[in-house]
Amino acid sequence: MKRFFLFGILISCSGCSFSYLAHVAKGQMAIMNKAEPISVVIKRGELSSAEQEKLQLILEIRDFSSNVLKLSLDGSYLEYVDLSKLRRDAVAYNLVVCPKDRLEPHTWWFPFIGHIGYLGFFDKEYAFETKREYEEKGYDTYLRSVSAYSTLGWFNDPIFSSMLSFREDQLANLIIHELTHVTIYKSGDTFFNEGVATFIGNKGSIEFMVQKYGKNSKQHLASLHAEYDDLLFSGYIEKAKSRLQNFYNGPLSENEKIQKREREFEALKNDFLKLKPSFKTHDYDVFENIRFNNAVFAGLGQYYGDLSLFEKIWERHRGNIAATLPVFKRAQVEKEPLIYLKKMVVFPFK
């Protein structure tokens, strides 16, 4: 039944070719067909003891997410998919497309999801082919691999084999992030959806590390450092977007903006290199090797908006995620969730 449902919602996608829709349906069905219950995978004895421990840890994170954080679970993270059996080196690939003279990502519309500022792929070659097609049309592009994605409760999201190499705090952050999408989702508002998921992923991971390993454990310290770096990078991305917006809103002609924008990118690269010694982890080391363009900042800007806004809401609820969650749930039904949250900070009792 779910296979027919998947096909039904995909054929009503706006702005996508049938070949793309068929590729997405085929990719999702391949994952569903390869998914096996965790108990079956462990019983087969193919995983190392360390990998089996990670599977058990995921089950504990799952219970914590439901019992403590009050996130929705459904049947997610009870099954396992070996990516090697799908002949993939990543779970999926996301492509961001953006004009060269402004910081406005191209969007696609999907049923239930709404407009999103990226296109997801399961096939790497198809992703690169689409990337080249948009570049030939004169767009900036940014293609990156992703370690997980949420089907928003329409399907049971599995554990992927690639997750078993993650640090404990990274694993908790990832699972909680994706379960937040199942719990809170505003159709067409990527900035709100990713912002709240990143925030709850960070806070939830910290809480779980304390409960599981204790305060001042290496796992707890790693989760604190990861959150610190996310906030630092979020601030950098916000400033970079503001600088680029000011540049593109300036009096230069379209051609002059395209010709002179490399100076802006070079300055932003230098800003990052100056900031780099302040990071507490190596999670963002790869960023300096990326070739900067509008799609990079438009894409990352969707994930790393102003995280301090969510922090302020959380602080007003005494650092309790479960108590803060209803506020975010109310925000998702508002026309402008982020504006609603900003008003909550200024007028908390209204």
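Helix α4 runs over residues 49–67 and holds 19 residues. From first C-alpha to last, α4 reaches 27 Å, close to the 27 Å expected at 1.5 Å a residue. These values come from a predicted model.

Eight positions of α4 can be followed by name. The buried residues of α4 are Lys54, Leu55, Leu57, Ile58, Ile61, Arg62, Phe64 and Ser65. An α-helix has 3.6 residues a turn, so residues three or four places apart point the same way. The cover over the buried residues of α4 includes helices α3 (38–44), α6 (168–183) and α7 (190–213). Strands β2 (79–81) and β8 (159–160) are also part of that cover.

**Ser150 and Leu275**

Ser150 sits in the loop between β7 (140–146) and β8. Is Ser150 buried or exposed? Its relative accessible area is 18%, under the 20% limit, so Ser150 counts as buried. Beyond its neighbours within four places in sequence, Ser150 is in contact with Asp157, Glu178, His181 and Val182.

Leu275 belongs to helix α9, residues 254–275. Setting aside neighbours within four places in sequence, Leu275 is in contact with Leu232 and Tyr236. Asp285 lies 10 residues from Leu275 along the chain, and their C-alpha atoms are separated by 11 Å.

**Pocket and cavity**

The second largest pocket contains about 300 Å³ of space. Its lining comprises 13 residues. Nearest its centre lie Leu86, Arg87, Arg88, Phe122 and Asp123. Helices α2 (18–34) and α5 (124–136) are the elements that give two or more residues to this lining. The most comes from α2, with four residues.

A search of the whole structure finds one cavity of 30 Å³ or more. The largest cavity has a volume of about 30 Å³. Which residues line the largest cavity? They are Asn94, Val96, Tyr118, Tyr142, Arg144, Gly299, Leu300, Gln302 and Tyr303. Strands β3 (92–98) and β7 and helix α10 (294–303) each supply at least two of them. Here α10 gives the most, with four residues.

The two linings divide by class as follows.

| Lining | Nonpolar | Polar | Charged |
|---|---|---|---|
| Second largest pocket | four residues | two residues | seven residues |
| Largest cavity | five residues | three residues | one residue |

**Aromatic pairs**

How many aromatic pairs does a search of the whole structure find? The count is 28. One of them joins Phe121 and Tyr126: the ring centres are 5.5 Å apart and the planes stand at 80 degrees, so the pair is edge-to-face. Phe121 is buried, at 1% relative accessible area. Tyr126 also counts as buried, at 17% relative accessibility.

Another pair is formed by Phe199 and Trp314. Their ring centres lie 6.2 Å apart and their planes are at 75 degrees, so this pair too is edge-to-face. The pair links distant parts of the chain, with Phe199 in helix α7 and Trp314 in helix α11 (residues 308–316), 115 residues apart. Both Phe199 and Trp314 are buried.

One aromatic cluster is formed by Phe233, Tyr236, Phe265, Phe272, Phe279, Tyr284, Phe287, Phe292, Phe297 and Tyr304. Tyr236, a member of this cluster, is also a contact of Leu275.

Definitions and conventions
Residues are numbered from 1 along each chain as its sequence is written. This is a predicted model: local features need pLDDT of at least 70, side-chain atom pairs count only at pLDDT 80 or more; totals for chains, interfaces and linings use all residues. Side-chain values use heavy atoms; hydrogens and water are left out. The expected span of a helix is 1.5 Å times one less than its number of residues. Buried means under 20% relative accessible area, exposed over 50%, partly exposed in between (1.4 Å probe, protein chains only). Contact means heavy atoms within 4.5 Å. On a 1 Å grid over the protein atoms alone, a cavity is a set of points where a 1.4 Å probe fits but cannot get out, and a pocket is an open set with protein on both sides within 12 Å along at least five of seven lines; lining residues have an atom within 4 Å of a point. Grid points are joined across faces, edges and corners, and a volume is the space filled by probe spheres set on the points. Ala, Val, Leu, Ile, Met, Phe, Trp, Tyr, Cys and Pro count as nonpolar, Asp, Glu, Lys and Arg as charged, and the others, Gly among them, as polar. Rings of Phe, Tyr and Trp (its six-membered ring) pair if their centres lie within 6.5 Å; planes under 30 degrees apart count as stacked, over 60 as edge-to-face and the rest as tilted.
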